[in-house]
Amino acid sequence: MPIESIRESFIHPLIDSMAGQNYWLNGCLASLMECLGESPEYDYWFFSGVTADSFTQMFSKDPAQTVLCYSDRFTESALQRAFAACGYSYEYIKGVRAPEGLKAYHQRIRQNIDRNIPVLTRIDDAFHSFAIICAYDNSNFYTISGEETAPTIRQFDELVFVTEKHQQPSLAEAYRSAVLDIPNLVLRPATPGYSFGIEAFRDWAGSFLDSTYDAYSDGDKIWFTHPDPAFTCWNMHGTYLCMLGTNGCAASFLSQALALNADLGFINDLIPIFNKLAHEGFHTLLDMEGGFGLQPKTIKNKVKMQAIADEISKLARYSEEIVEVFTTRQPGNECSVAQ
């Protein structure tokens, strides 16, 4: 099937970074719902909330391990949340480059595309980005990722096939469930590799005041993991700044949740706190020591980094205020157990 025969609705940008849409899985999920003919309410913003991305600050304990967001590192959990929220089952497959089964996977991809249903995937680029497989020809498969407007041939190693449709939760239920899970995300216990919420902010701040980065020379490649050379110290600071700013969309998700669930009046107390985190906190840090352009020699200077660490510590305290809202102002005890 020539690539030109694919319907145009497949071929459009999946996210808008200027609008703060930096979590690419959520753009892929929204595109999938569009192709399935589902409600436009299942958009990027919806999935960014129900996957837990918008409400989860993370920190990687290994400076060599980039973390972009919750769905980047905990993809299986994010997919479970997303498909449950829109009423579908799915199959998530890793390691599809292995020779065994490769032919069958390729056939399934072709069958999906023939039915005008894209396949979600992760591609072989600097960030192991999420994309959709949107077309094929006799020899290749084509993907759309991020803000691309034309299909590109790439290698991929993970696949997500949508399968059966079930009874869908109402939008009100989906939003309600995501909101009531926020304390679990903010208080989630750390794993050996990552910390979350309050603890993530504390670890981010603390990393600038201990010996975490002392052993790396200024020219070490670990400082330059982002493809854009303007984004230095990405693994240590830039990615967490990006996460913090991107989570500004949490306030609009909360507003929609309240519009659909009038009894969740405590959301009015949450929104100002999330605005302090993602707007006041983000912009303050952006103006300190170059923001995304923080230099290696600066990050190793504990005197200079003390002020940045202090600002990040404020974000941990704001997160404690979020928990306090649920503890003191939310009626009942309806929070679920975090996955």
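These are my notes on one helix pair and on the cavities of this structure.

**Entry 1: the model**

I am working from a predicted model.

**Entry 2: α1 against α4**

I looked up how helix α1, residues 24-35, sits against helix α4, residues 75-86. Their axes come within 12 Å. I read a crossing angle of roughly 30°. Angles under 35 degrees count as roughly parallel. α1 and α4 are therefore roughly parallel to each other. I also checked the hand: the crossing of α1 past α4 is right-handed.

Next I asked which residues make the contact of α1 with α4. From α1 I noted Leu 25, Leu 29, Leu 32 and Met 33. Across from them, α4 offers Ala 78, Leu 79, Ala 82, Phe 83 and Cys 86. I sorted this contact by class and got nine nonpolar residues, no polar and no charged.

**Entry 3: how many cavities**

I then turned to enclosed space. How many cavities of 30 Å³ or more are there? The count comes to two.

**Entry 4: the largest cavity**

I looked up the volume of the largest cavity and found about 140 Å³. Its lining takes in 14 residues. Nearest the centre I listed Phe 55, Phe 201, Asn 247, Phe 274 and Leu 277.

Which elements give two or more residues to this lining? I noted α8 (197-207), α11 (267-286) and α13 (302-328). The largest share is from α11, with three residues. By class, I have eight nonpolar and six polar residues in the lining of the largest cavity. No charged residue lines the largest cavity.

**Entry 5: the second largest cavity**

The second largest cavity holds about 40 Å³ of space. I wrote down its lining: Leu 25, Thr 75, Leu 79, Tyr 92, Leu 120, Thr 121, Arg 122, Phe 130, Glu 158 and Val 160.

I checked which elements supply at least two of these residues, and they are α4, β3 (119-123) and β7 (156-165). The largest share, three residues, is from β3. By class, I get six nonpolar, two polar and two charged residues in the lining of the second largest cavity.

**Entry 6: cross-check**

I went back to the helix pair with this list in hand. Leu 25 of α1 and Leu 79 of α4 take part in the helix contact. Leu 25 and Leu 79 also line the second largest cavity.

Conventions
Residues numbered from 1 in each chain as written. Predicted model: local features only at pLDDT ≥ 70, side-chain atom pairs only at ≥ 80, totals over all residues. Heavy atoms only, no water. Axes fitted to C-alpha atoms, helices over the stretch in contact; angles between N-to-C directions. Helix = DSSP H or I, 4+ residues; strand = E, 2+ residues; numbered from the N terminus. Parallel < 35°, antiparallel > 145°, perpendicular 65-115°, else oblique. Left-handed = near helix turned anticlockwise from the far one by under 90°. Contact = heavy atoms within 4.5 Å. Nonpolar A, V, L, I, M, F, W, Y, C, P; charged D, E, K, R; others polar. 1 Å grid on protein atoms, 1.4 Å probe; cavity = no way out; pocket = protein on both sides within 12 Å on 5 of 7 lines; lining within 4 Å. Points joined across faces, edges and corners; volume = space filled by probe spheres on them.
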